[in-house]
Structures are given as C-alpha cells and as structure tokens.
Amino acid sequence: MVSDKGAAVNKSRIYVSNTYTEGLDMAGAKLGHQQAAQTLVGKAIMLKADCSTCHKISTKSIGPAFTQVSAKYQTKAKAADYITSKVINGSKGVWGEVPMPAHPTMKAADVKEIAEWIMTLSAKSTTGPSLPATGKIVPPAETNKDKSVLNIKATYSDLGAAGLKPLSNTKVLNLRSNVINAADIKDISDFGRKDADGVQSLILPQKAGWIKLKGIDLTNVAAFNLNLENANADYSAEIRLGGKDGQVIGKQGSIASGVAISPVTDGKFHDVYIVVKAAQEDVKDRPLLKAVTVKPI
C-alpha cells in the first residue's frame, strides 16, 4: 500500500523486490534494489528539468539519446561525475555541431542523480523487474540453508514539484526462519558455546542463565521448543518479554516438552528472553542446545 499525500500514486514508480540473505545483519543489502530505486529519482529529476527538450531516452533528437550517452561512457572511470560536469558547464563538439548549453543554476547533486540514472540505461543490469504491488511470493523448492532470511523491500519515489526534488521512501520486511540455530543466538548469559565439526551448540548453565532472541513478532506464536542433545539433566524455563526480569508469558517445569506461551496480539517486535534453571545444583553432564523452534498456533 502506497500513499502520497496531495498527489495521485503513480504505480510505475513503485519498485518491489525480494531476495534471500544471510542473517539479519545483511538483510536489506540487495544492491540491485538500491540501483532500481535510484533510477526512479534520477529519471524524475530529469523530467522536471529541461533535459527532455533536447534529449529523448532512446531516440536521437536535437542531442543524443540518453541510451547513446550511457553506452558511450560505460567504460569511463567516474562517468557520472564527467556527465555532471558537462551538464553544469556545457560542452560542444562531443556529439556534433550543436553545443549543449551550461546549466549553472542546477544543483550538482541533482545533476549527478540524473547522470547516475543515465548510466543505468545501457549497463549490465543487476536488477530484475519490479514485483507487482499485489500478488504472491512463492519460495523456491530449495534455498541455501545459510541464506535463511527472506527480505522484501518496496520503494516509492514521487515526481517532485516545481522547486522540489523527488522524494523516496523504502520499507523493508525481514522474514526469518522459525528455526533459530544456536550459532545465530548472540546474546547469552551463563551459557557456554561448543563447536563440533563446524556446528555450534550452546551449553546449558550449571545453575541458571538466559538467552535473548531479538525482534520476535509473537503474533500467532504458541510455544518455543528447545532442540536439545544429551538432555539427561532437567531444567525449568520461563519465557519473558523485554528482559531477564520482564513479563512472564510462559513457564514450564521441564523444557524437554517445550514452553507454551500466552497469546501476544500487539503486533510489535519483542526481545524474548528464555530463562532456564537447573532442577539440581552443579549439573555435571549439561545438555546442548542446538536450536530454538518458534511454533505457530
């Protein structure tokens, strides 16, 4: 859903993409989307300037087509900076007898946006066409297990107005697997770490400790199951919101069967703390936590 206060939404200026990324720290780093979003801004500035008086996108006019300019300078270092300089200062003899007038009143930043858009026209594209604004994303049958975050990104750029450059806004949604591996759990207290053949596990504490799961949407979540190995010793567990002493939304005397939680319907992202305590002191043969599975209702 896109809104543009005071103007009609132009659907051709919406760009939607999706990709799988590795971990939440890298989610949203899709270069192709950034490039596609950039073209929306540069083209809009061009349309508001006087460029189209002498230039068309793909056909020759008084001056060369923008696609011709793009092709000519694809191999030139800092091509966008070069084009920016030519637009502001003017040039002659590069494309024939008709000179290009200078544009000293145009802001260099705006001209560079136009130049960067021009350079995308004949570049080897790293972008695909936009997904439709309404529709379904069907995940592939197999995905790279190391790229478990589905990143959905949408950008809208308006056309600007007299004296106002186009504005853009981007919304990102990161959908991660409901299975959170021990290697992806970074915040722990009194848990140990074990690496066996490249597979990481967390060693449960001798007495008590906690793990933190960042930014969990608890809508329609019923329970947290702990995938344990060597689970001979018994532990109790509590699910708390916002901190190790936060609101208790779930409690279980034995974590082997998972921890059911009370419904959370606020639609917010919560830091979830799983606090565990050993039933007996000084546990010798402590279980290994391989993963946490978030179970839906």
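**Salt bridges, cysteines and the second largest pocket**

In the predicted model, Asp187 is partly exposed, its relative accessible area being 24%. The side chain of this residue meets that of Lys214 in a salt bridge, with a distance of 3.6 Å from N to O. Because Asp187 belongs to strand E5 (residues 187–189) and Lys214 to strand E8 (residues 208–217), the pair ties together parts of the chain that are 27 residues apart in sequence. Strand E5 is also where the confidence of the prediction is highest, at 97, whereas helix H1 (residues 31–48) has the lowest confidence, at a mean of 74. For the protein, the mean pLDDT is 86, and 92% of the residues reach 70 or more.

The salt bridge between Asp187 and Lys214 belongs to a count of seven salt bridges. Strand E8 takes part in a further contact, in which Lys212 forms a salt bridge with Asp271, the closest N and O atoms being 3.7 Å apart. Here too distant parts of the chain are linked, since Lys212 lies in strand E8 and Asp271 in strand E13 (residues 269–278), 59 residues apart. The two partners fall into separate accessibility classes: Asp271 counts as partly exposed at 29% relative accessibility, while Lys212, at 18%, counts as buried.

A salt bridge also joins Lys251 and Glu238, with 3.8 Å between the closest N and O atoms. This pair connects strand E11 (residues 247–252), which holds Lys251, to strand E10 (residues 235–241), which holds Glu238, across 13 residues of sequence. With a relative accessibility of 63%, Lys251 counts as exposed, whereas Glu238, at 13%, counts as buried. The contact is part of a network of salt bridges that links Glu238 and Lys251 with Arg240.

With respect to the cysteines, the count of disulfides is zero. For Cys51, the closest cysteine sulfur is that of Cys54, and because the separation is 9.1 Å, the two atoms are too far apart for a bond; the distance may be set against the cut-off of 2.5 Å for a disulfide. The relation holds from the other side as well, the closest cysteine sulfur to that of Cys54 being the one in Cys51, at 9.1 Å. Cys51 is buried, with a relative accessible area of 13%, while Cys54 is partly exposed, with a relative accessible area of 26%.

The second largest pocket encloses about 710 Å³ of space. Its lining consists of 28 residues, of which Met1, Val2, Ile14, Val16 and Ala154 are the closest to the centre of the pocket. Three strands, E1 (14–21), E2 (149–157) and E3 (168–176), each contribute at least two residues to this lining, and E3 gives the most, with six residues. By residue class, the lining of the second largest pocket comprises 15 nonpolar, eight polar and five charged residues.

Definitions and conventions: Residues numbered from 1 in each chain as written. Predicted model: local features only at pLDDT ≥ 70, side-chain atom pairs only at ≥ 80, totals over all residues. Heavy atoms only, no water. 1 Å grid on protein atoms, 1.4 Å probe; cavity = no way out; pocket = protein on both sides within 12 Å on 5 of 7 lines; lining within 4 Å. Points joined across faces, edges and corners; volume = space filled by probe spheres on them. Helix = DSSP H or I, 4+ residues; strand = E, 2+ residues; numbered from the N terminus. Nonpolar A, V, L, I, M, F, W, Y, C, P; charged D, E, K, R; others polar. Salt bridge = Lys/Arg side-chain N within 4 Å of Asp/Glu carboxyl O. Buried < 20%, exposed > 50% of the residue type's maximum accessible area, 1.4 Å probe, protein only. pLDDT = per-residue confidence, 0-100.
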